[in-house]
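Reader: I have a new model open on my screen and would like to learn how to read it. Could you walk me through a few features?

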Amino acid sequence: IGRLSASYRKMSIRRVISLSFTAVSVVGILFIGLSLVLRYSAATQQVEASASQKVLEQVKQSMDSHLRRMMRVSDTVYYRIIKNADINQGISPESLELLYEENRDVYIAIFDPEGDLVTATPLSSLKAQAHASQQAWFSAALGQIENIHFSTPHVQNLFESADDRYRWVISISRQVELTRGGTTESGVLLVDMNFSGVEQICRNAELTGGGYLYIVDRNGEIIYHPRQQLIYADLIQENNQEAALLPDGTHWETFQGEQRQITVKTVGYTGWKLVGVVPANGLRGSTGQLILFVISVLLFSIFLLIFINSRLSAHITEPILKLDRAVNDIQKLGQLPEVTDSGCYEVQRLEHSIRSMVSTMRHLMDDIIRQEQDKRRSELEVLQSQINPHFLYNTLDSVIWLTESGRYDDAIQMVTSLGRLFRISLS
């Protein structure tokens with residue numbers, strides 16, 4: 001503190017004003033810049049959340065449309081085919097094939113309560129070791145009367161395929177009433193929809209900031225994930241169990257040390273949840289660019305303010321510095337030089353006051369000098385009046401002494417010189 005105080009006392013008024021103005025301006029600019037960055041960051045997060053919700057809403061609408069089409073296939077098979085047929089007489093395969101021709105991405109099958117195949121299209125032959133009753137979708141359908149069950153993605157492994165391809169499907173199963181010889185019994189209607197349709201809908205969705213989209217069911221099981229195979233192989237993990245418990249909307253979570261923005265939207269009929277994940281680093285990307293821009297603007301503004309403050313402080317202090325130099329010249333010139341009245345009102349008043357003070361001092365000094373001269377002159381006159389009688393007396397004594405001594409010529413010369421002296425004094 002002592003050093004700062006000493007440095008402050010040694011500073012010129014120009015530097016003090018310039019530094020003060022600059023410090024206040026820089027603090028104000030930094031405060032405004034920080035406020036803008038914080039407000040922009042918050043606004044960016046809101047915009048990103050809104051954009052994610054819009055993307056998920058589009059995916060939800062596409063998914064609803066796709067699932068409703070699959071459900072219409074199931075309703076058509078049940079209410080228009082099964083309700084009007086007796087399985088003892090057989091179900092017309094032509095009607096199922098016609099329905100398949102209109103929806104090429106589905107596989108339709110009807111099973112009795114024991115899991116035996118009643119009819120199916122386009123694949124109609126079960127594998128030797130396949131038992132429908134042991135499938136999860138079969139028991140789930142029998143346990144959900146008048147409800148449709150949507151399974152998680154799995155490989156279709158019931159039917160013999162000519163090309164031996166393993167197709168990933170999502171099974172839509174429901175309990176149905178089969179008519180057998182005039183009596184009704186429970187059965188299961190299976191509509192396997194090709195998983196590639198769901199996958200294509202989700203892949204077309206693009207979230208900003210390196211985000212991605214995945215789907216979970218009500219139990220937290222993953223329906224779709226862009227890195228689904230890596231998750232199944234336990235090479236990576238996903239926070240799907242926690243996401244299944246979140247309500248619709250935008251949330252923040254920290255998973256494996258990474259902060260992420262989570263957007264959740266529920267798909268109708270299924271209980272599935274669309275989960276959009278955007279890493280916080282992706283959101284900060286545009287904010288980082290803004291920060292760089294703000295820093296550039298701040299640096300330019302600071303340099304500009306330093307220049308302006310320097311010029312402004314010079315304009316303010318220049319009249320004072322001129323007056324200071326003029327006061328210093330008093331010792332050399334004995335009077336205040338002419339100073340242009342270019343400063344502010346206070347500086348002009350100060351210049352006039354100093355000029356009046358110098359004039360008064362000069363008159364006082366002249367009076368003092370005059371008084372001293374008069375005093376010396378009076379003293380000399382007094383001294384001279386004292387010296388003249390003594391000088392005349394001594395001279396006359398010398399003349400008498402020379403006369404008595406017979407030195408007449410010296411006496412005559414001395415009297416002559418005395419007369420000449422008086423003559424000069426009188427003139």
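Author: Happily; we will go through empty spaces, salt bridges and the surface, one topic at a time. Keep in mind that this is a predicted model.

Reader: Let's begin with empty space. How many cavities of 30 Å³ or more does a search of the whole structure find?

Author: The general idea is friendly enough: rolling a probe the size of a water molecule over the atoms shows where empty space is left. Here the search turns up two cavities of 30 Å³ or more. The second largest cavity holds about 30 Å³ of space.

Reader: Which residues line the second largest cavity?

Author: Its lining is made of Gln-135, Trp-137, His-154, Val-155, Gln-156, Asn-157, Leu-158, Leu-190 and Asp-192. Strand S4 (154–155) and strand S6 (183–194) each supply at least two of the lining residues. Sorted by class, the lining has four nonpolar, four polar and one charged residues.

Reader: And pockets? What volume does the largest pocket have, and which residues lie nearest its centre?

Author: The largest pocket has a volume of about 360 Å³. Its lining counts 17 residues, and those nearest the centre are His-149, Phe-150, Ser-151, Thr-152 and Asp-217. Two or more lining residues come from each of helix H4 (136–143) and strand S3 (148–150). S3 gives the most, with three residues. By class, the lining of this pocket divides into six nonpolar, eight polar and three charged residues.

Reader: Now salt bridges. How many does the structure hold?

Author: There are 13 salt bridges in the structure. To read one, look at the two partners, their distance and where each sits. Take Lys-60 and Asp-64, whose side chains meet at 3.1 Å, N to O.

Reader: Why are Lys-60 and Asp-64 separated by about one helical turn?

Author: Because they are four residues apart in helix H2 (residues 13–82), about one helical turn lies between them. Asp-64 counts as buried, because its relative accessible area is 7%, and buried means under 20%.

Reader: What about a pair that links distant parts of the chain?

Author: Try Arg-260 and Glu-238, a salt bridge with its closest N and O atoms 3.0 Å apart. Arg-260 is in strand S10 (residues 258–266), while Glu-238 sits in the loop between helix H6 (228–232) and helix H7 (240–243), 22 residues apart. Both Arg-260 and Glu-238 are buried.

Reader: Are Arg-407 and Asp-410 buried or partly exposed?

Author: Arg-407 is partly exposed, because its relative accessibility is 38%. Asp-410 is likewise partly exposed, with a relative accessible area of 31%. The side chains of Arg-407 and Asp-410 meet in a salt bridge of 2.8 Å, N to O. Salt bridges can also share partners: Asp-112, Arg-180 and Glu-185 are joined in this way into one network.

Reader: Let's finish on the outside. Which residues form a nonpolar patch on the surface?

Author: Select Ile-291, Ile-295, Leu-299, Phe-303 and Ile-306: together they form a nonpolar patch with about 450 Å² of accessible area. Ile-306 belongs to helix H8 (residues 280–328). With a relative accessible area of 37%, Ile-306 is partly exposed.

Reader: One last contact, please. Which C-alpha atoms, 25 residues apart along the chain, are separated by 7.0 Å?

Author: Those of Glu-97 and Pro-122. Glu-97 lies in helix H3 (residues 93–102), and Glu-97 is partly exposed, with a relative accessible area of 43%.

Note on methods. Residues numbered from 1 in each chain as written. Predicted model: local features only at pLDDT ≥ 70, side-chain atom pairs only at ≥ 80, totals over all residues. Heavy atoms only, no water. 1 Å grid on protein atoms, 1.4 Å probe; cavity = no way out; pocket = protein on both sides within 12 Å on 5 of 7 lines; lining within 4 Å. Points joined across faces, edges and corners; volume = space filled by probe spheres on them. Nonpolar A, V, L, I, M, F, W, Y, C, P; charged D, E, K, R; others polar. Patch = residues over 30% accessible without salt bridge, like charges linked within 9 Å, V, L, I, M, F, W, Y side chains within 5 Å. Areas by Shrake-Rupley, 256 points an atom, 1.4 Å probe, with all protein chains shown as cover. Salt bridge = Lys/Arg side-chain N within 4 Å of Asp/Glu carboxyl O. Buried < 20%, exposed > 50% of the residue type's maximum accessible area, 1.4 Å probe, protein only.
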